[in-house]
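User: Please take a close look at one part of this model: its enclosed cavities. Then work outward from there to the backbone and the open pocket.

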Amino acid sequence: MLQRPRRNRKSEVIRNMVQETHISASNLIFPLFIVEGDNQKSEVSSMPGIFRYSIDNLLREVESCMNLGLKAFDLFPNIDEQLKDKYATESHREGSLYLRAISEVKKHFPEACVVTDVAMDPYSSDGHDGIVENGLILNDETLEVLGKMALAHAQAGADIIAPSDMMDGRVGYIRNVLDENGYANVSIMSYTAKYASAFYGPFRDALNSAPKFGDKKTYQMNPANLQEALIEARMDEDEGADFLMVKPGLPYLDVIKLLKDNTELPIAAYNVSGEYAMIKAAVKNGWLNEQRATTEVLMSLRRAGASAILTYHAKEVLLNKWL
């Protein structure tokens with residue numbers, strides 16, 4: 001027997017030498033939830049170890065992460081119901097919670113990379129990612145709101161704008177708004193293939209942003225479809241996207257690989273709240289080894305082709321030296 005692959009597995013030194021896929025802090029983006037108030041820190045019940053922070057505590061959390069080498073953060077706001085309306089006006093109001101949070105993080109940590117979420121649902125009284133009329137989600141009318149939101153984020157200091165709404169044409173619309181207002185250097189990380197998934201529940205708990213009626217299947221993608229992701233990817237690339245994102249991550253490794261093989265742009269993957277919650281629940285019940293399961297999940301996303309991984313595990317894997 002001339003070929004014995006096990007010879008390259010016989011010691012840790014050799015296994016590390018021939019390892020094909022690597023992951024480090026530079027590949028990770030940490031999602032963080034924000035609430036109004038002072039000295040607020042409340043755990044998301046469906047996401048053990050993940051908290052909603054007031055801005056003062058948000059800054060302390062960012063500092064703690066930066067000391068671990070984690071330097072990219074995606075911010076998400078929990079907005080008071082009284083501030084929500086049909087047109088998500090709170091999303092671009094000067095002095096709003098979200099804009100203050102962006103500004104404060106960049107003021108105190110200019111070297112941090114701040115990614116911002118562009119979608120109406122956290123601010124919408126309907127809980128949808130677009131303007132609702134007679135039960136329908138209006139596409140083109142929504143773009144104006146998204147443009148105002150993206151511009152406000154850029155003015156507050158955002159490094160990367162991440163439209164997660166799945167409206168047609170929003171990448172090009174946002175790119176034009178940013179360029180025309182002097183923000184040509186602000187990047188766009190498009191949620192290119194965002195599926196109508198069952199794995200978003202804990203995230204919606206964290207933000208209280210579930211739709212008030214119906215579902216999001218008319219704008220988020222059908223989980224059965226693969227090739228459709230190429231249509232979305234080509235549109236986003238043509239419209240000026242700098243990153244293409246696949247969401248969720250684990251059930252869609254084939255989509256990550258497909259996009260990786262068909263574009264020169266970097267691919268991001270969102271290891272979403274439901275995926276995080278499943279591991280935490282299994283670990284709590286003694287069914288999984290947390291370190292091995294978590295690192296295997298993140299490695300699989302990298303192996304499939306993701307350069308950037310948005311994950312709620314980001315801080316713990318660095319804090320515990322799991323990578």
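Analyst:
**The cavities and their surroundings**

The largest cavity is lined by D121, K194, Y200, F203, R204, S209, K216, Q220 and K247. This is a predicted model, and every value here is computed from it. The volume of the largest cavity is about 70 Å³. Charge dominates the count: five lining residues are charged, two are polar and two are nonpolar.

The search of the whole structure returns three cavities of 30 Å³ or more. The second largest has a volume of about 60 Å³. Its lining consists of F76, D117, A119, D121, P122, S164, Y191, K194, F203 and K247. The mix here is five nonpolar, four charged and one polar.

Compare the two lists. D121, K194, F203 and K247 belong to the lining of the largest cavity, and these four residues also line the second largest. R204 and K216 are among the lining of the largest cavity. F76 and A119 are among the lining of the second largest.

Start with K247, which lines the largest cavity. Its peptide bond to P248 is cis, with omega near -5°. P248 itself sits in the loop between strand 10 (243-247) and helix 8 (253-260).

Next, F76 and D117, both in the lining of the second largest cavity. Strand 4 covers residues 72-77 and runs parallel to strand 5 (residues 113-118), with four bridges between them. One match in that pairing sets D74 opposite V115 of strand 5. Strand 5 is mostly covered, with five of its six residues buried.

S164 also lines the second largest cavity. Further along the chain comes M166, in the loop between strand 8 (160-163) and helix 5 (170-180). M166 is not a glycine, yet its phi is positive, near 65°. Its relative accessible area is 4%, below the 20% cut-off, so M166 counts as buried.

N134 makes a useful contrast. Its phi is about 55°, again positive in a residue that is not a glycine. N134 lies in the loop between strand 6 (131-133) and strand 7 (136-138). Here the relative accessible area is 78%, over the 50% cut-off, so N134 is exposed. For a backbone check, then, one positive phi belongs to a buried residue, M166, and another to an exposed one, N134.

Now the open space. The largest pocket has a volume of about 460 Å³. Fifteen residues line this pocket, and N16, Q19, T21, T295 and M299 lie nearest its centre. Helix 10 (290-304) and helix 1 (12-17) each supply at least two residues of the lining. Helix 10 gives the most, with six residues. By type, the pocket lining holds six polar, five charged and four nonpolar residues.

Helix 1 leads on to N27. That residue lies in the loop between helix 1 and strand 1 (28-34). Is N27 buried or exposed? Its relative accessibility is 10%, under the 20% limit, so N27 counts as buried. The side chain has polar partners on the backbone. One of its polar atoms lies 2.9 Å from the backbone nitrogen of S24. The backbone oxygen of S307 is 3.0 Å from a polar atom of the N27 side chain. Beyond its neighbours within four places in sequence, N27 is in contact with H22, R302, S307, A308 and I309.

Two of those contacts, A308 and I309, are in strand 12 (residues 308-311). A308 and L310 point one way from this strand, while I309 and T311 point the other way. All four are buried. Strand 12 has two parallel partners to consider. Strand 1 is joined to strand 12 by two bridges. In that pairing, I29 has L310 as its bridge partner. Strand 11 (residues 267-271) also pairs with strand 12 in the parallel sense, over four bridges. There, A269 has I309 as its bridge partner. I309 therefore has two roles here, because N27 is in contact with I309 under the 4.5 Å heavy-atom limit, and A269 is bridged to I309 within the strand pairing.

In short, the largest cavity has a lining with five charged residues. The largest pocket draws most on helix 10. Buried N27 has side-chain polar atoms close to the backbone of S24, at 2.9 Å, and of S307, at 3.0 Å.

Notes: Residues numbered from 1 in each chain as written. Predicted model: local features only at pLDDT ≥ 70, side-chain atom pairs only at ≥ 80, totals over all residues. Heavy atoms only, no water. Buried < 20%, exposed > 50% of the residue type's maximum accessible area, 1.4 Å probe, protein only. Polar contact = N/O pair within 3.5 Å; in protein donor to acceptor, adjacent residues only side chain to side chain. 1 Å grid on protein atoms, 1.4 Å probe; cavity = no way out; pocket = protein on both sides within 12 Å on 5 of 7 lines; lining within 4 Å. Points joined across faces, edges and corners; volume = space filled by probe spheres on them. Nonpolar A, V, L, I, M, F, W, Y, C, P; charged D, E, K, R; others polar.
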